[in-house]
Amino acid sequence: YAADYARAKGVPLVMTAHTNWEELIKLYLPFFPEPFARKYVRTRLGRTYNNSDRVIVPTKAMRDLLLGYNVDTPISVIPTGVRREDFELGPEDLSRLSGKWRELYPEMNGKRILLTAGRVGAEKNLTFLLEVFRRLRMTDPDLLFVIAGDGPYRKALERLTRKLGLEENVLFVGFVARAKMKELYHLAEVFMFASRVESQGMVVIESMMARTPVVAIGEMGTRELMDGDNGGFMVDSDLDSFTEKVRALLSDQALLRRKAEEAFAHAQLWTNDESARKMQALYGALVGGMD
């Protein structure tokens, strides 16, 4: 419909690709054989994006994925940015808000907080993080793992939490409004992220903007976003390595502080202002080319 409208009106059509549907389709259409479902996604998306004048993707990894779908429309890599001011929080505000969160969730009292955030879906690899947390608690019983977000996998994850005997130390807070998320980022000592299918991984940048170091699996968009150990540690999909890096941050306050400042500095590469400038230039060029 969008392509038909653009052609009828004589205006350029720009599409944004920010979801790796090839990895997700099996979760939404589990009754389709996976090879068939993947082939369908590649074919359908290739045709769809080739109907546009330009495709915008947030990372080079996403661009490479579309090139594999035989997309010959020009592809521009423009990351989704975040606003620095959305994640600023002074010491006095942090102290006051910390008290409110701990009053709302008494489980937080006396605990060091590990955080993850996002849609609670099977593709987010949250079972991996639960096992990491189980291992961390063997040496540090004062930890609390906060899971912010909601989704279709939440009940299954809650069952697994009880099965692992972690229900007293894992807190599901459900959906948290964006304005409130910055408070959780600031309260956490380490942000953990295990998704392997992210086109970008916005929550990683948001955490860094709040000066909370990140330990993440370095695949797809997350690999490009962190570009190594910037603002934390980027590791392989290995439980031992992931656990070791989180434990290193928790046990070394000097390292934690250094990585916190490094995270904030690295996040400045992914601001809204920079993304908006790139987007404005792109739209201007497209409109000028249609005149």
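Trainee: Helix α6 (residues 126-137) and helix α11 (residues 239-251) pack at an angle of about 55 degrees. Why does that make α6 oblique to α11?

Mentor: This is a predicted model, in which local features need pLDDT of at least 70 and side-chain atom pairs count only at pLDDT 80 or more, while totals for chains, interfaces and linings use all residues. Residues are numbered from 1 along each chain as its sequence is written, and side-chain values use heavy atoms, with hydrogens and water left out. Angles run from 0 to 180 degrees between N-to-C directions, and axes are lines fitted to C-alpha atoms, for helices over the stretch in contact. Angles under 35 degrees count as roughly parallel, 65 to 115 as roughly perpendicular, over 145 as roughly antiparallel, and the rest as oblique. The angle of about 55 degrees falls in that remainder, so α6 is oblique to α11. Their axes lie 10 Å apart.

Trainee: Which residues make the contact between α6 and α11?

Mentor: Contact means heavy atoms within 4.5 Å. On α6 the residues are F128, L129, E131, V132, R135 and L136, and on α11 they are L239, D240, F242, T243, V246 and R247. By class, the contact has 7 nonpolar, 1 polar and 4 charged residues. Ala, Val, Leu, Ile, Met, Phe, Trp, Tyr, Cys and Pro count as nonpolar, Asp, Glu, Lys and Arg as charged, and the others, Gly among them, as polar.

Trainee: What makes α6 and α7 roughly parallel to each other?

Mentor: Helix α7 (residues 154-163) packs with α6 at an angle of about 20 degrees, the axes being 11 Å apart. That angle meets the cut-off for the roughly parallel class, and the two helices are therefore described in that way. The contact is made by L126, T127 and L130 of α6 together with L157, L160 and T161 of α7. Its classes are 4 nonpolar, 2 polar and no charged residues.

Trainee: Why are α9 and α12 called oblique to each other?

Mentor: Helix α9 (residues 202-209) and helix α12 (residues 253-267) pack at an angle of about 120 degrees, with their axes 7 Å apart. This value is outside the ranges with names of their own, and α9 and α12 are therefore oblique. I205, M208 and M209 of α9 meet A263, F264, H266 and A267 of α12. By class, 6 nonpolar, 1 polar and no charged residues form this contact.

Trainee: What makes the enclosed space in this structure a cavity, and what is the volume of the largest cavity?

Mentor: On a 1 Å grid over the protein atoms alone, a cavity is a set of points where a 1.4 Å probe fits but cannot get out; a pocket is an open set with protein on both sides within 12 Å along at least five of seven lines, and lining residues have an atom within 4 Å of a point. The structure holds 1 cavity of 30 Å³ or more, and the largest cavity has a volume of about 70 Å³. Among its lining residues are T116, R119, K124, I147 and F193. Strands β4 (112-117) and β5 (143-148) each supply at least two residues of this lining, which by class has 7 nonpolar, 3 polar and 2 charged residues.

Trainee: Which residues line the second largest pocket?

Mentor: They are L89, L94, R102, K111, I113, H186, L187, A188, E189, A210 and L256. Helices α5 (91-104) and α8 (178-187) are the elements that give two or more residues to this lining. The pocket has about 220 Å³ of space, and its lining has 7 nonpolar, 1 polar and 3 charged residues.

Definitions and conventions. Points joined across faces, edges and corners; volume = space filled by probe spheres on them. Helix = DSSP H or I, 4+ residues; strand = E, 2+ residues; numbered from the N terminus.
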